[in-house]
Amino acid sequence: MSHSEANSDKRQLTLIDCLGIGINGIVGSGIFLLPAVLYRKAGSQAPWAWFVAGGLCCLVALVFAEAAGRTDRSGGPYRYACDAFGPYVGFAVGWVTLISVLLGYSAVARGFGTTAAQICHDMFGVQLGNAGVVALSCVVVVVLSIVNILGVRSSARTSDIISAVKLLSLFGFIVVGLCFVKFDRMGGQPPMPSTGETTGILAAAFAGLFATTGFEFIPVPAGEAKNPQRTVPLAMVISAFLTTVPYPLVQLVATGLHPSLGGTETPLADSVAQFAGSRGRELMNVAGLISMFGFCAGSALVGPRYLESFSEDRFVPAIFAHRPAKLGSPVWSVVLLSVLVILFLMLGLEFKQLADISNVAVVVQYIATCVAVILMRQRGPAPANAFVNPLGPLVPLLALFGCAVFLLGVATSPDGVMALKWAAILIAAGLLLGSVFRKMELSAK
């Protein structure tokens, strides 16, 4: 264990901070933008798709909670894979998780820019083109890089406040919206897919997966959490269950409010406009903007910790683990992550494309952690007081089965095949670079 890991001054994150990271990792742009997509794919059955995606994530969160109880070091899925399979397979898993963070961050930053541009048009009459959307997206990345360079406590405080705001906005949408829904719209509506879209509850669940993942952010900075073997597992399970429950209700209310939900790009804002007019739409867009900023804040916090862990294990240069004494954050890791996100944004990939590739990467890391927990159990008992799932390997096996079904579902659609190809290219490139650098470092000793 490195000195930085062992230093108790580094452990500043509380249970509330970890919950904030998890909630911000889960609730981002997805729930504000995806109800229209799910409605096109599954019609009035779309709420069930949220149960499928959320149920899988709750199962996986229980598996992650058990893995987290076996280590107090940063790295999350990367660390679990290293402990179970060795450093090279561990790095493969870690690189996949970093790709998912990069793409998720890029997708939501793009959504932030799109929503901010819409607010500028609605409230001030300013029309911003694609260049303006990209510029606004890049601005939020730069701002968050500065916040993270200033240290983990400033990032955690930002995360705590925004997570509370976004949960209140979702529950407010449900409670107020229920007073205005037309219940005849909630049942029996068939899918209305766009050209090339696959239909059914499973296809909708895959689309919704992007909005239900993110609890895996919590164990990444575990080395900076107080009492991590208790705090991290508890925060993961609570955040997964707490944020999954409202999603089907949000979908149900949106379906009952909007007469043509599948045709809108801002479904929650346009649903509120059905009873609160343009001011209601503007208010909901602002709530969505805050939610997206919170997700980006969580991604900006955890992404550099992956690079830092890679550096400590000599897969990337040592500079990415350097923490200046006055700042206490991995500055160069923060800078590199921000630059990569900005490059993705400038490539012009849209929200859906980025989200689909991120989904593939997330499911791959889930599979790796489920297998890792099964192997860890065979090698020895968990530490005293660590969380262990009951019923033996049943929970990890159920989670594995669910992940496999999702990946098979991806391969049945043209968009899914493209996402698989992009994910494979990005993963292969990272593995090649990381493995070559580690071998050079070890041979130079």
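Which side chain meets that of Glu 308 in a salt bridge? In this predicted model, the partner is Arg 323, with N and O lying 2.6 Å apart. Glu 308 sits in helix H13 and Arg 323 in the loop between H13 and H14, so the bridge ties together parts separated by 15 residues in sequence. Both Glu 308 and Arg 323 are buried.

That pair belongs to a set of six salt bridges in the structure. Another of them joins Asp 313 to Arg 79, where the closest N and O atoms are 3.2 Å apart. Here the link runs between distant parts of the chain: Asp 313 is in the loop between H13 and helix H14 (331-347), while Arg 79 is in helix H6 (residues 77-85), and 234 residues separate the two. Once again, burial applies to both partners, Asp 313 and Arg 79.

Helix H13 also holds Asp 270, whose side chain meets that of Arg 281 in a salt bridge at 3.0 Å, N to O. Burial is uneven in this pair: Asp 270 counts as buried at 13% relative accessibility, whereas Arg 281 is partly exposed, its relative accessible area being 27%. With neighbours within four places in sequence set aside, Asp 270 is in contact with His 258 and Thr 264 as well as Arg 281.

Then there is the nonpolar side of things. The largest nonpolar core counts 131 residues, and the members touching the most others are Phe 173, Phe 215 and Phe 310. Helix H13 (residues 267-312) turns up here too, giving the most to this core with 16 residues. As for Phe 173, not counting residues up to four places away in sequence, its contacts take in Leu 178, Val 250, Val 253, Ala 254 and Leu 257, along with Leu 268, Ser 271, Val 272 and Met 284. In soluble globular proteins, nonpolar side chains tend to be buried together.

The cysteines are a simpler story. The structure holds zero disulfides. Cys 82 is in none, and the nearest cysteine sulfur, belonging to Cys 370, is 17 Å away. Why does Cys 403 not bond to Cys 370? The sulfur of Cys 370 is the closest cysteine sulfur to that of Cys 403, but at 5.3 Å it is too far for a bond, because a disulfide needs the two sulfur atoms within 2.5 Å. Cys 403 is buried at 0% relative accessibility, and Cys 82 is buried as well, with a relative accessible area of 15%.

Technical notes: Residues are numbered from 1 along each chain as its sequence is written. This is a predicted model: local features need pLDDT of at least 70, side-chain atom pairs count only at pLDDT 80 or more; totals for chains, interfaces and linings use all residues. Side-chain values use heavy atoms; hydrogens and water are left out. Buried means under 20% relative accessible area, exposed over 50%, partly exposed in between (1.4 Å probe, protein chains only). A nonpolar core is a set of buried Ala, Val, Leu, Ile, Met, Phe, Trp, Tyr and Cys residues joined through side-chain atoms within 4.5 Å. Helices (H or I, at least four residues) and strands (E, at least two) are DSSP runs, numbered from the N terminus. Contact means heavy atoms within 4.5 Å. A salt bridge is a side-chain nitrogen of Lys or Arg within 4 Å of a carboxyl oxygen of Asp or Glu.
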